[in-house]
Amino acid sequence: LHPMPDSQWTGEPMTAQDPQFLDPRDLAAFILEVSRRAIVGGDYAAFQARLALPHAAGSLAGHTVIRTDEAVRRVFDGIQAHMRATNATDLHRSVMNASFDGPERVFVAHQSSWVVAGRHLTDPYSCRFLALCEDGIWKIKSGTYSTPSPLLQKAFAAGHAIERTADRAQD
């Protein structure tokens, strides 16, 4: 899962396509690692490249469909604000279950917890996502994130607010 040291990895696919996986749990771990590096590294471009739009997102704050890059940016900025406010230095994730639904779809259940100075900031919380393979690159199409963090819930709400504003502008 660590094909090269973090200091050398840009977040971009190492080839024009992601590696192929026979085991859905290995694929899930790869997707989680790629997105973890983007989040922890503050790399918006790498984060955005791994989300398929529209992206259905659910959290304890509610559900939304994120349709625009601007909304993705607001969510990412909210995640980064959470990291700064809590002094989080890493995001620990573990695959609980994964299954293929055809060659270009994988369903994943995992747990996440934020890490500060090598210690877990939170108890692990449950997450689920559906990822689709688009032109050889795996992207997260939808997810539910049961984070207890009000700041992270606010990040998802910020993306939702952008979408509501855009919907009103079209009316």
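Select Tyr44, Phe47 and Phe76: ring pairs link these residues into a cluster. The model is predicted. The whole structure holds three aromatic pairs.

**Stop 1: Tyr44 and Phe76.** Show both side chains. This pair is edge-to-face, with 5.5 Å between centres and 65 degrees between the planes. Now colour helix H2 (residues 44-49) and helix H3 (residues 69-86). Tyr44 lies in H2 and Phe76 in H3, so the pair ties together parts 32 residues apart in sequence.

**Stop 2: Phe47 and Phe76.** Keep Phe76 and add Phe47. Their ring centres are 5.0 Å apart and the planes meet at 45 degrees, so this pair is tilted. Phe47 sits in helix H2 and Phe76 in helix H3, so the tilted pair also links distant parts of the chain, 29 residues apart.

**Stop 3: the surface.** Are these rings buried or exposed? Tyr44 is buried, at 16% relative accessible area. Phe47 is buried too, at 10%. Phe76 counts as buried at 2%.

**Stop 4: Arg73.** Select Arg73 and turn to the ring of Tyr44. The charged end of Arg73 sits over that ring, 4.4 Å from its centre.

**Stop 5: zoom out.** Switch to cartoon. The chain has four helices and seven strands. From the N terminus, the order is α-α-β-β-α-β-β-β-β-β-α. Of the 171 residues, 43% count as buried. Turn on the surface: the accessible area is about 9100 Å², with 53% of it belonging to carbon and sulfur atoms. Last, look at contacts. Among those with a separation of 6 or more, 60% join residues 24 or more positions apart.

Conventions
Residues are numbered from 1 along each chain as its sequence is written. This is a predicted model: local features need pLDDT of at least 70, side-chain atom pairs count only at pLDDT 80 or more; totals for chains, interfaces and linings use all residues. Side-chain values use heavy atoms; hydrogens and water are left out. Helices (H or I, at least four residues) and strands (E, at least two) are DSSP runs, numbered from the N terminus. Buried means under 20% relative accessible area, exposed over 50%, partly exposed in between (1.4 Å probe, protein chains only). Contact means heavy atoms within 4.5 Å. Accessible areas come from the Shrake-Rupley method with a 1.4 Å probe; for residues, only the protein chains shown count as cover. Rings of Phe, Tyr and Trp (its six-membered ring) pair if their centres lie within 6.5 Å; planes under 30 degrees apart count as stacked, over 60 as edge-to-face and the rest as tilted. A charge sits over a ring if NZ of Lys or CZ of Arg is within 6 Å of the ring centre and within 35 degrees of the ring normal.
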